[in-house]
Amino acid sequence: MKIDVRHTAKLAKLWLNENEIADFEKQMNEILRIVETLPELPDDGFLLDPENVMSLRPDIVEPSLSRSELLANAPQKQAGCIVVPKTLKEGI
């Protein structure tokens, strides 16, 4: 199986140069090689162990900090919210 890194990058809206494309092709081929060596799972329909039943912990409401206590530790706040730096570029 061959992965078209250029097409995948385009779908993910990633801009890669030729060196990056070559590096990603090597990495993706290595991942595919590893996946192809994984053992087959039995096809009996049971992927969970019936002897080891999972149980969820109880959902318990516990006291927490008030908004004013949380905001007291914030380096920058505005309108009752914590201000954080912008992390996304516009136009992508």
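**Reading exposure, backbone and shape in one chain**

Q: How should one read the accessibility of lysine 13: is this residue buried, partly exposed or exposed?
A: In this predicted model, a residue is called exposed when its relative accessible area is over 50%, and because lysine 13 has a relative accessibility of 51%, it counts as exposed. This lysine is placed in the loop that runs between helix 1 (5-11) and helix 2.

Q: What is there to notice in the backbone phi of lysine 13?
A: As a general idea, most residues other than glycine have a negative phi. Lysine 13 is not a glycine, and yet its phi is positive, at about 60°.

Q: Which phi value does alanine 79 have, and where does this residue lie?
A: Alanine 79, likewise a residue other than glycine, has a positive phi near 55°, and its place is in the loop between strand 1 (77-78) and strand 2 (81-82). Its relative accessibility is 77%, so alanine 79 counts as exposed.

Q: How does one check the length of helix 2 against what is expected of it?
A: The reasoning is that each residue should add 1.5 Å, so the 19 residues of helix 2 (residues 18-36) should span 27 Å, and the C-alpha atoms at its ends are indeed 27 Å apart, in agreement with that expectation.

Q: What is found at the start of helix 2?
A: There, asparagine 17 directs a side-chain oxygen to within 3.0 Å of the backbone nitrogen of asparagine 19.

Q: Which side chain does glutamate 30 contact, and how should such a pair within a helix be read?
A: An α-helix has 3.6 residues a turn, so residues three or four places apart point the same way. Here glutamate 30, which is placed in helix 2, makes a polar contact of 2.6 Å through its side chain with the side chain of arginine 33. Glutamate 30 counts as partly exposed because its relative accessible area is 36%.

Q: Which elements does the chain contain, in what order, and what does its radius of gyration say about its overall form?
A: The chain has three helices and two strands, which follow one another from the N terminus as α-α-α-β-β. Its radius of gyration is 24 Å, well over the 12 Å given by the globule rule for 92 residues, so the chain is more spread out than a compact globule. Along the principal axes, the C-alpha atoms fill a box of roughly 55 × 50 × 20 Å.

Q: What do C-alpha separations add to this picture?
A: Glutamate 30 and proline 63 are 33 residues apart along the chain, with 48 Å between their C-alpha atoms, and lysine 77, which lies in strand 1, is 17 residues from isoleucine 60 in sequence and 30 Å from it in space. Alanine 74 and valine 84, ten residues apart in sequence, have their C-alpha atoms 9.6 Å apart.

Q: Is alanine 74 buried or exposed, and what share of the chain is buried?
A: Buried means under 20% relative accessible area, so alanine 74, at 10%, counts as buried; this residue lies in the loop between helix 3 (67-72) and strand 1. Over the chain, buried residues make up 7% of the 92 residues, while the exposed area is about 9,500 Å², of which carbon and sulfur atoms supply 59%.

Note on methods:
Residues are numbered from 1 along each chain as its sequence is written. This is a predicted model: local features need pLDDT of at least 70, side-chain atom pairs count only at pLDDT 80 or more; totals for chains, interfaces and linings use all residues. Side-chain values use heavy atoms; hydrogens and water are left out. Helices (H or I, at least four residues) and strands (E, at least two) are DSSP runs, numbered from the N terminus. The expected span of a helix is 1.5 Å times one less than its number of residues. A polar contact is a pair of N or O atoms within 3.5 Å; within protein, one must be able to donate a hydrogen and the other to accept it, and residues adjacent in sequence count only if both atoms are side-chain atoms. Buried means under 20% relative accessible area, exposed over 50%, partly exposed in between (1.4 Å probe, protein chains only). The radius of gyration is taken over C-alpha atoms; the globule rule is 2.2 Å times the number of residues to the power 0.38. Accessible areas come from the Shrake-Rupley method with a 1.4 Å probe; for residues, only the protein chains shown count as cover.
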